[in-house]
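This report addresses a single protein chain. It begins with one ionic contact and then turns to the wider fold.

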Amino acid sequence: ANMPRCRCALLGLPAVGKSSFVAALHGKAAEQVAPTSGCNKSSLHRDGFILDVLDVGGSPQVRKFWSHLVGEVDAIIVMANGRLRMPAASGE
């Protein structure tokens, strides 16, 4: 039988902890994390459920493609911290 699957994308500006969060989900230390230059896909298998995680880079060059990269996901998580402000949604 096929296991239930959910596809989730992590979005946010650079250095807000997206890749560190994904590393923690996989049981890895945050020190092993390098900045994401494009997007990284990984899968977690837990209790008969599969979570596909799309860790999307936050650089301006990658943000242009966010809408294309997340078109097939079931959920989007936007990560932020208190020191950074999201740019205006005017299509910079």
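## The salt bridge between Arg-5 and Asp-52

In this predicted model, Arg-5 and Asp-52 form a salt bridge in which the closest N and O atoms are 2.4 Å apart. Arg-5 belongs to strand 1 (residues 5–11) and Asp-52 to strand 3 (residues 49–56), so the contact ties together parts of the chain that are 47 residues apart in sequence.

The two partners can be described by their accessibility. Arg-5 has a relative accessibility of 48% and therefore counts as partly exposed. Asp-52 counts as buried because its relative accessibility is 5%, and the cut-off for that class is under 20%.

## The salt bridge between Arg-7 and Asp-74

A search of the whole structure yields two salt bridges. Besides the pair described above, Arg-7 forms a salt bridge with Asp-74, with 3.4 Å between the closest N and O atoms. This pair also links distant parts of the chain: Arg-7 is in strand 1, while Asp-74 is in the loop between helix 3 (66–69) and strand 4 (75–78), 67 residues apart.

Both residues of this pair fall in the intermediate accessibility class. Arg-7 is partly exposed at 36% relative accessibility, and Asp-74 is partly exposed at 46%.

## The hairpin of strands 2 and 3

Strand 3, which carries Asp-52, pairs with strand 2 (residues 39–46) in the antiparallel sense over eight bridges. Within this pairing, Leu-44 has Leu-51 of strand 3 as its bridge partner.

The hairpin formed by strand 2 and strand 3 has two residues between the strands. In this hairpin, Asp-47 adopts a positive phi near 45°.

## The chain as a whole

The secondary structure comprises three helices and four strands. Along the sequence, these elements follow the pattern β-α-β-β-α-α-β.

Of the 92 residues in the chain, 32% are buried; Asp-52, at 5% relative accessibility, counts as buried. The accessible surface of the chain comes to about 6200 Å², and carbon and sulfur atoms account for 55% of that surface.

Contacts across the sequence can also be summarised for the chain. Among contacts between residues at least 6 apart in sequence, 62% join residues at least 24 apart. The two salt bridges connect parts of the chain that are 47 residues apart for Arg-5 and Asp-52, and 67 residues apart for Arg-7 and Asp-74.

How values were computed. Residues are numbered from 1 along each chain as its sequence is written. This is a predicted model: local features need pLDDT of at least 70, side-chain atom pairs count only at pLDDT 80 or more; totals for chains, interfaces and linings use all residues. Side-chain values use heavy atoms; hydrogens and water are left out. A salt bridge is a side-chain nitrogen of Lys or Arg within 4 Å of a carboxyl oxygen of Asp or Glu. Buried means under 20% relative accessible area, exposed over 50%, partly exposed in between (1.4 Å probe, protein chains only). Two strands pair if DSSP finds at least two bridges between them. Contact means heavy atoms within 4.5 Å. Accessible areas come from the Shrake-Rupley method with a 1.4 Å probe; for residues, only the protein chains shown count as cover.
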